[in-house]
Amino acid sequence: GMAIDVERRLDEHNKGKSKFTSGHVPWELIYQETIGIAIEAREREKYLKSSAGKQFLKKQGIIQD
């Protein structure tokens with residue numbers, strides 16, 4: 001999800017503070033963008049989690065198959 005303090009958010013995930021992410025620790029930050037308007041950031045996050053977004057991340061060499 002969106003976070004203002006990315007390092008704090010990553011630390012929270014790795015300490016098991018989210019029931020949705022606690023079963024898959026440790027988490028590693030692999031990609032980050034800065035977007036000023038929350039609604040645009042939410043749309044970008046949704047895209048990056050979609051199959052098209054994952055293809056984009058693969059083409060950038062950020063994730064692998």
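How far apart are the mean positions of the 12 positive and 10 negative charges of the chain? The mean positions of these two sets of charges are 6 Å apart, where Lys and Arg count as positive and Asp and Glu as negative, while His and the chain ends are not counted. The place of a charge is taken as NZ of Lys, CZ of Arg, CG of Asp or CD of Glu.

This is a predicted model, in which local features need pLDDT of at least 70 and side-chain atom pairs count only at pLDDT 80 or more, although totals for chains, interfaces and linings use all residues. Residues are numbered from 1 along each chain as its sequence is written, and side-chain values use heavy atoms, with hydrogens and water left out.

**The chain as a whole**

The secondary structure comes to three helices and zero strands, and along the sequence these follow the pattern α-α-α; helices (H or I, at least four residues) and strands (E, at least two) are DSSP runs, numbered from the N terminus. Taken along the principal axes, the C-alpha atoms fill a box of roughly 30 × 30 × 15 Å. The accessible surface of the chain comes to about 5,500 Å², and 51% of this surface belongs to carbon and sulfur atoms; such areas come from the Shrake-Rupley method with a 1.4 Å probe, and for residues only the protein chains shown count as cover.

Of the 65 residues in the chain, 11% are buried, a word that means under 20% relative accessible area, whereas exposed means over 50% and partly exposed lies in between (1.4 Å probe, protein chains only). Among the contacts in the chain with a separation of 6 or more, 29% come from residues 24 or more positions apart, a contact being heavy atoms within 4.5 Å.

**The ends of helix 1**

Helix 1 covers residues 6–14, and Asp5 caps its N-terminal end, with a side-chain oxygen 3.4 Å from the backbone nitrogen of Glu7. After helix 1 comes Gly16, whose phi is positive, near 75 degrees.

**Salt bridges**

Side chains of opposite charge can pair when their charged atoms come close. A search of the whole structure finds four salt bridges, each being a side-chain nitrogen of Lys or Arg within 4 Å of a carboxyl oxygen of Asp or Glu; the table gives three of them, with N to O distances.

| Pair | N to O distance |
|---|---|
| Arg8 and Glu12 | 2.6 Å |
| Arg44 and Glu33 | 2.9 Å |
| Lys49 and Glu45 | 3.2 Å |

Arg8 and Glu12 both lie in helix 1, four residues apart, about one turn of the helix. Likewise, Lys49 and Glu45 both lie in helix 2, four residues apart. An α-helix has 3.6 residues a turn, so residues three or four places apart point the same way.

The salt bridge between Arg44 and Glu33 has its partners 2.9 Å apart, N to O. Arg44 lies in helix 2 (residues 38–49) and Glu33 in the loop between helix 1 and helix 2, so this pair ties together parts that are eleven residues apart in sequence. Arg44 is partly exposed at 24% relative accessibility, and Glu33 is partly exposed at 32%. Lys49, by contrast, counts as exposed at 54%, while its partner Glu45 is partly exposed at 22%.

**A buried loop residue**

Thr21 is found in the loop between helix 1 and helix 2, and at 12% relative accessibility Thr21 counts as buried. Leaving aside residues up to four places away in sequence, Thr21 touches His13 and Trp27. The C-alpha atoms of Thr21 and Gln55, which are 34 residues apart along the chain, are separated by 23 Å.

How values were computed: Polar contact = N/O pair within 3.5 Å; in protein donor to acceptor, adjacent residues only side chain to side chain.
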